[in-house]
Amino acid sequence: MIKRVEVSAPSKLMLFGEHAVVYGRPCIVTAVDHRMRVMVEVTDGNNLELYAPDVDIIGYIERISNLGRREAPKGTRFVSIAVRNFFKSFGIKSGLKVETKSDFSSEFGFGSSSAVTVGVIKALSEVFGKPLDNKKIFSLSYKTILDVQGIGSGFDVAAAIWGGTIYFITGGKKVEPLPVGELPLVVGYTGIKADTPTLVRQVADFYKKNKKQVEKIFDSIEDIVNEGKKSLLSRDYKKLGKLMDQNQKLLDKLGVSSPELENLISATKKVGAYGGKLSGAGGGDCMIALVPSIKRESLKVEIEKAGGKVIRAKTNSEGVRVEK
Ligand code: PMV
């Protein structure tokens, strides 16, 4: 048995369909080259020892049999529950040392929790010699996300596993890799950290009170996602941009846009972006704009002038992989 393995998993950006995907609709997500690295080492004894300096966890120790049983520091939860779920599934008893390190800030909403969860499950499958196909990694990782935060479509988990650009339906009912290349996207961070579960609950409240109206919005978003898939496959960026604008309007109607997001999105219009929208839960975090390559640099300047921070992000990146 190997004793130590290092894997890495990509982060993600939602292209179309956020929120509606929580309600059984499709979305399109792309994996981004900011990777989460997860090192797992089998140790003697029966403790989990965790180092996750990006979230201020240095040398957290817990008995494996206690994982998930009592209140634990926030930064430990996805790793702890992923280990618990994997050990339970395969009846494994062992000590473990886990180290995580991301090459991106967890602030930007790029999906550090899904990438870390997928990374831990993949690393454990390697180190304990339990080969898992992507679907199995998905079900264990998605269960972990639901155990920790109670909510979520799993789109980010799929992006971390399969990589590339994916047409995805809630809970992994459909995971369809789309053969597209890297997209000419620019990403702007508003500087405001948004809490995804809070925004998902906010939409749930709105849904409860305005079911008919919100179903209509979700139906329109579904049409946009399906059109978006076609435009992506034919690389019709003008059309894609228009669809992004339409998706943004509907997200605003759902109440998840914000003045900061709108401000950055309209700044990108000044220099001729094809279109733009928030990406993810909204309320802050990031916006994306699709832009002709000759306008790319001036668009970045506009975003910074409008108070945003441009974040380098290469789309359509490789899914989870063993590094060493
Ligand atoms: O905030 P993010 O980037 O994790 O995206 C959330 C997307 C939602 O559709 C709002 C939730 C989900 O799990 O699909």
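Does E6 count as buried or exposed, and at what relative accessibility? The close-up views below start with that residue and then move on through this predicted model.

**View 1. E6 and the residues around it.** E6 is part of strand 1. With a relative accessibility of 10%, E6 counts as buried, because buried means under 20% relative accessible area. Leaving aside residues up to four places away in sequence, E6 touches R37, V38 and M39. The other residues that E6 touches are R321, V322, E323 and K324.

**View 2. Strand 1 and its two partners.** Strand 1 covers residues 4-16, and 12 of its 13 residues are buried. Strand 2 (residues 26-43) runs antiparallel to strand 1, and 12 bridges join the two. Strand 12 (residues 321-322) also runs antiparallel to strand 1, to which two bridges join it. A good residue to look for here is V7: its bridge partner in strand 2 is V38, and its bridge partner in strand 12 is V322.

**View 3. The two sides of helix 9.** Helix 9 spans residues 296-305, and L299, E302 and I303 in this helix are buried. Looking down the axis of helix 9, you will find its buried residues within an arc of 100°, so they line one face of the helix. On the other side of helix 9, E297 and K305 are exposed. What covers the buried residues includes strand 8 (185-189), helix 8 (259-270), strand 10 (286-290) and strand 11 (309-311). Just after helix 9 comes G307, with a positive phi of about 95°.

**View 4. The largest pocket.** This pocket holds about 1100 Å³ of space. Its lining is made up of 43 residues, and F78, S112, S113, Q149 and K193 are the closest to its centre. Several elements each supply at least two residues of the lining, among them strand 1, helix 1 (77-90), strand 5 (95-102) and helix 2 (112-127). Helix 3 (134-149), helix 4 (155-162) and helix 5 (196-209) each do so too. Sorted by class, the lining has 18 nonpolar, 16 polar and nine charged residues.

**View 5. The second largest pocket.** Here the space comes to about 350 Å³. Of the 13 residues that line this pocket, I64, S65, F87, I92 and K93 lie nearest its centre. Helix 1 gives the most to this lining, with three residues. By class, the lining has four nonpolar, four polar and five charged residues.

How values were computed:
Residues are numbered from 1 along each chain as its sequence is written. This is a predicted model: local features need pLDDT of at least 70, side-chain atom pairs count only at pLDDT 80 or more; totals for chains, interfaces and linings use all residues. Side-chain values use heavy atoms; hydrogens and water are left out. Buried means under 20% relative accessible area, exposed over 50%, partly exposed in between (1.4 Å probe, protein chains only). Helices (H or I, at least four residues) and strands (E, at least two) are DSSP runs, numbered from the N terminus. The arc is that of the directions from the helix axis to the C-beta atoms. Contact means heavy atoms within 4.5 Å. Two strands pair if DSSP finds at least two bridges between them. On a 1 Å grid over the protein atoms alone, a cavity is a set of points where a 1.4 Å probe fits but cannot get out, and a pocket is an open set with protein on both sides within 12 Å along at least five of seven lines; lining residues have an atom within 4 Å of a point. Grid points are joined across faces, edges and corners, and a volume is the space filled by probe spheres set on the points. Ala, Val, Leu, Ile, Met, Phe, Trp, Tyr, Cys and Pro count as nonpolar, Asp, Glu, Lys and Arg as charged, and the others, Gly among them, as polar.
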